[in-house]
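Here are my notes on the model you sent round, set out as numbered points. I have kept to the metal sites, the charged pairs and the surface.

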Amino acid sequence: MSLIFDLHSHSNISDGLLSPSELVAHAATHGVNVLALTDHDDVSGLALAGAAAIEHNIQLVNGVEISVTWKKRTLHIVGLNIDPENIALKAALAEVRVARDLRAQQMGEGLAKAGILNAYEGAKLIAKQSIITRVHFARFLVEEGYVKDTKTVFKKYLVRGKPGFVEHQWMSLEQAVNLIIDSGGMAVIAHPGRYDLGSVNMLELLHEFRSYGGAAIEVVTSSHTPPQYQQFAKLAHQFSLKSSQGSDYHGQGISFMEMGRLADLPSNCVPVWQDWPQFQSIAH
Ligand code: AMP
Ligand code: MN
Ligand code: MN
Ligand code: MN
């Protein structure tokens with residue numbers, strides 16, 4: 001029997017819409033057997049997700065998606081099978097969240113100059129207890145009727161050069177990979193096709209990532225086209241990296257893809273779960 005893996009998803013602990021337990025229930029309903037919850041810069045949803053996973057008879061992989069600055073660009077590094085109780089990881093992520101809140105206040109100031117008042121306060125209300133992400137600003141701007149949809153908000157307000165964009169220094173690639181490895185996890189470059197790197201920088205990134213002990217790249221993700229599955233499968237092979245797959249589900253209306261609909265990894269890929277003890281007999 002082959003299992004359905006979805007190794008990238010978000011709950012309302014970061015910018016997803018569903019609570020960790022609702023997300024797990026949703027994954028189970030959509031046929032996912034192995035789910036990683038990978039909230040941005042926060043691992044506090046994993047305990048609830050783990051409890052729900054037992055109830056819904058699916059396997060939860062403890063994950064996180066860490067924001068990184070590399071060559072002045074923001075990259076996302078997913079950690080899989082991390083220990084959510086690891087002290088160094090928890091402390092580093094807590095620091096990231098403090099800086100993230102200051103960034104959100106600066107985003108609010110930028111938007112105020114463009115005539116959009118109280119955006120920080122509005123985004124914070126939407127985020128409730130969670131971190132504030134650009135998605136929360138987007139939801140605020142849509143709810144207030146400034147813009148018709150999330151996609152347009154990003155384009156007009158939240159990307160580089162626009163009023164709500166703040167140049168932010170996240171942690172380094174090396175630090176993120178080390179934190180993940182030191183907490184027992186595997187580091188995975190999230191949606192590599194989404195970074196506007198060019199081929200020279202992409203090769204440099206993969207080389208550097210590998211040298212820090214990075215384990216895998218996402219090959220099949222909602223951010224990639226089928227030709228990109230092949231392109232990144234080839235690069236994974238070239239750099240002896242394993243391959244991961246995930247929907248990057250955020251919830252109805254803000255996701256690119258529903259859960260349980262991912263294509264299989266190309267056959268030349270070594271799955272990131274290959275050596276995970278619980279799947280050894282069933283993984284291909
Ligand atoms: P932040 O970490 O605060 O910069 O927010 C990044 C999040 O915004 C990503 O994880 C996505 O969920 C979301 N996002 C980024 N770009 C877009 C876009 N063009 N349209 C919709 N959502 C986006
Ligand atoms: Mn997100
Ligand atoms: Mn991401
Ligand atoms: Mn994500």
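**Notes on the metal sites and charged contacts**

1. In this predicted model, the manganese ion (ligand 3) and the manganese ion (ligand 2) are separated by 5.4 Å. Of the residues that coordinate ligand 3, His76 lies in strand S4 (residues 73-80) and His191 in the loop between strand S5 (186-189) and helix H8 (198-211), so that this pair ties together parts that are 115 residues apart in sequence.

2. The coordination of the manganese ion (ligand 3) comes from Glu65 (OE), His76 (ND1) and His191 (NE2), at 2.1 to 2.2 Å, and along the chain these donors follow the spacing E-x10-H-x114-H. His76 is buried, with a relative accessible area of 14%, and His191 is likewise buried, at 1%.

3. For the manganese ion (ligand 4), the protein donors are His8 (NE2), His10 (NE2), Glu65 (OE) and Asp248 (OD), which lie 2.0 to 2.2 Å from the ion; in sequence, the donor residues are spaced H-x1-H-x54-E-x182-D. His8 is placed in the loop between strand S1 (5-6) and helix H1 (20-29) and Glu65 in strand S3 (residues 59-70), so this pair ties together parts that are 57 residues apart in sequence. Glu65 thus appears among the donors of ligand 4 and also among those of ligand 3. His8 is buried, with a relative accessible area of 0%, and Glu65 is buried as well, with 1%.

4. The manganese ion (ligand 2) has as its protein donors Asp15 (OD), His40 (NE2) and His250 (NE2), lying 2.1 to 2.2 Å from the ion, and these follow the spacing D-x24-H-x209-H along the chain. Distant parts of the chain are linked by the pair of Asp15, in the loop between S1 and H1, and His250, in the segment after strand S7 (242-246), the two being 235 residues apart. Asp15 counts as buried at 4% relative accessibility, and His250 is buried with a relative accessible area of 11%. The distance from ligand 2 to the manganese ion (ligand 4) is 4.4 Å.

5. Turning to charged pairs, the structure holds seven salt bridges, one of which joins the side chains of Arg100 and Asp41 at 3.1 Å, N to O. Arg100 lies in helix H3 (residues 87-113) and Asp41 in the loop between strand S2 (34-37) and helix H2 (46-55), so the pair ties together parts that are 59 residues apart in sequence. Both partners are buried: Arg100 counts as such at 5% relative accessibility, and Asp41 has a relative accessible area of 0%.

6. Another salt bridge is formed by Arg97 with Asp42, their closest N and O atoms being 3.5 Å apart. Since Arg97 lies in helix H3 and Asp42 in the loop between S2 and H2, this pair ties together parts that are 55 residues apart in sequence. Here Arg97 is partly exposed, with a relative accessible area of 26%, whereas Asp42 is buried, with 10%.

7. Glu167 and Arg160 also form a salt bridge, with 2.6 Å between the closest N and O atoms, and Glu167 counts as exposed at 53% relative accessibility.

8. On the surface, Lys148, Lys151, Lys155 and Lys156 gather in a patch of positive charge. Within this group, Lys155 has its place in helix H6 (residues 150-158) and is exposed, with a relative accessible area of 61%.

Notes. Residues are numbered from 1 along each chain as its sequence is written. Chains are lettered from A and ligands numbered from 1 in the order in which they are written. This is a predicted model: local features need pLDDT of at least 70, side-chain atom pairs count only at pLDDT 80 or more; totals for chains, interfaces and linings use all residues. Side-chain values use heavy atoms; hydrogens and water are left out. Patches are made of residues with over 30% relative accessible area and no salt bridge: like charges are joined within 9 Å, nonpolar side chains (Val, Leu, Ile, Met, Phe, Trp, Tyr) within 5 Å. Accessible areas come from the Shrake-Rupley method with a 1.4 Å probe; for residues, only the protein chains shown count as cover. A salt bridge is a side-chain nitrogen of Lys or Arg within 4 Å of a carboxyl oxygen of Asp or Glu. Lys and Arg count as positive and Asp and Glu as negative; His and the chain ends are not counted. The place of a charge is taken as NZ of Lys, CZ of Arg, CG of Asp or CD of Glu. Helices (H or I, at least four residues) and strands (E, at least two) are DSSP runs, numbered from the N terminus. Buried means under 20% relative accessible area, exposed over 50%, partly exposed in between (1.4 Å probe, protein chains only). Donors are N, O and S atoms within 2.8 Å of the metal (3.2 Å for Na, K and Ca); water is not among the atoms, so sites may look incomplete.
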